[in-house]
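Reader: I am in my first year and would like a close look at one part of this protein, with each term explained as it comes up.

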Amino acid sequence: DTLMALVASDIATLLSSSATIDGNPVRPNQVAVLVATNREARAAQEALHTRGVPSVIVGTSSVFQSPMADELQAVLNAVANPRDRRLLKAAMITGLVGHNASAILSMREDESCWERAVAPFVTCGARWEVRGFVAALDGLLQELNTQARLLQRSDGERQLTNLRHLFELLTTGAGGGRLGPAAMAQRLATLRAGSTEDECSESNELRVEADAAALQIMTVHKSKGLEFDVVYCPTLSREGAPKTSATTPPFVYHDAKAALRATLELGDSGVLAEAQEQAAKETFAERAHLVYVALTRARHHVVVHHSRFDKYEATCLAALLHGDAAKATSWSIEETRKQVEALANASQGLIGFRRASHEGTYDALDARGSTLELAARDLGERRQPSLPYRRTSYSKLTQSAHHGWAPAGEPAQVEVPPGL
């Protein structure tokens, strides 16, 4: 994923630069990457691992969807089928076993070398029959020096945590600890198939106790109510158009002619077009709220990666940046860039603009220099909010408890350092 590679490079550059927050170097655990899906989260984590940045995916991502589950599956398949060269090779190239492609190719020329590489799997199978799953796998991983090798990686502690978590889940339930190699391999495959990308039970949710010093990756939805010093939002300009299911009967919308009461539209009401228009507006409002959440999680610095991806004109970010002109699909990438750059130039230093690259430089992130007083734009009479149906937030409900709250009619004075 080219985008995530750029994000990881940018973050690695930030962490290795002279940039500071409150006079201290920026640490990984002060940074968060907010994405739309768990798949994007895994892509971001893989890119960050490549750049040596420790990270953890926070939220409802299942351990059965983790790379470690793939590796354990390969090893279990090999232990269950020690004569199948294809399965053995798939296990050997995992991080758990530690062989590389060159080593496996050399085994084709030396049968004795191949037999030595296969021996740990055969031994594991024999030990399994006597002592069970956990003792057999522990013995195999000790023989292969797996723990020491994994801990040399920036995400080694995370991988070991996931491995122990998988061991625990596989042995939970009726007869789990007494299954043979083939049955255990099938059990893991079944559990992985039943664990969806965006849903998981509390028991198989990724554990994060060991990641206090790591950068956090999570979905925008999961970040609601949280704050981070530095936030990266790499995917806001490629969210595309909403799914058509939101306006395909049956669907629910809030009927403006019935005090905005939730209404189920089955397609035979005679007002399908009106209902679809209202449902589309509500769907857009939900998406726009997530963009708001993403852009307001940072205390000091937020980075939005912007490009004209497919269906960019349908994104909430495009509507935010360009208004009604966002619907103009004829814009070129260069025209889009010029509009964003003009917006940055008009922001009096509040917004910065630069081309993304695999290398960059950062200045200090400390508050310094003069401050700029901000004021909210008046909606006027053209756009009055609907009182029966509204969206609020925890911060809105508790605003009187925050510093800087001002009574109605008395604007709060907000100080924002230039360049942030």
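Reader: Leaving aside its neighbours within four places in sequence, which residues is Glu-71 in contact with?

Author: This is a predicted model, in which local features need pLDDT of at least 70 and side-chain atom pairs count only at pLDDT 80 or more, while totals for chains, interfaces and linings use all residues. Residues are numbered from 1 along each chain as its sequence is written, and side-chain values use heavy atoms, with hydrogens and water left out.

Once the neighbours within four places in sequence are set aside, Glu-71 is in contact with Thr-94, Gly-95 and Leu-96, where contact means heavy atoms within 4.5 Å. Glu-71 itself sits in helix 3, which covers residues 67-80; helices (H or I, at least four residues) and strands (E, at least two) are DSSP runs, numbered from the N terminus. Glu-71 is buried and yet has no salt bridge, for the nearest side chain of opposite charge, that of Arg-153, is 4.7 Å away. Here buried means under 20% relative accessible area, exposed means over 50%, and partly exposed lies in between, with a 1.4 Å probe and protein chains only. A salt bridge is a side-chain nitrogen of Lys or Arg within 4 Å of a carboxyl oxygen of Asp or Glu, and in assigning charge Lys and Arg count as positive and Asp and Glu as negative, whereas His and the chain ends are not counted.

The residue that follows Glu-71 in the numbering, Leu-72, belongs to the largest nonpolar core, which has 38 residues, and is among those that touch the most other members, together with Val-75, Leu-76, Met-92, Phe-121, Trp-128 and Leu-137. Such a core is a set of buried Ala, Val, Leu, Ile, Met, Phe, Trp, Tyr and Cys residues joined through side-chain atoms within 4.5 Å. Several helices supply at least two residues each to this core, including helix 4 (85-92), helix 6 (111-131) and helix 9 (156-170), but helix 3 gives the most, with seven residues. Trp-128, again without counting neighbours within four places in sequence, is in contact with a set of residues that includes Leu-76, Val-79, Phe-133, Leu-137, Pro-181 and Met-184. There is also a second, separate core of 24 residues, and Met-4, Val-26, Val-33 and Tyr-232 are among its members.

Two cysteines can be set beside this picture: Cys-113 is partly exposed, with a relative accessible area of 22%, while Cys-124 counts as buried because its relative accessibility is 0%. The structure holds zero disulfides, a disulfide being a pair of cysteine sulfur atoms within 2.5 Å.

For a wider setting, the protein has 14 helices and eleven strands, and buried residues make up 38% of its 420 residues. Among contacts between residues at least 6 apart in sequence, 72% join residues at least 24 apart. Helix 2 offers another example of packing, as its buried residues, among them Ala-41, Ala-44 and Leu-48, pack against helix 1 (2-16), strand 3 (31-35), strand 4 (55-57) and strand 5 (215-219).
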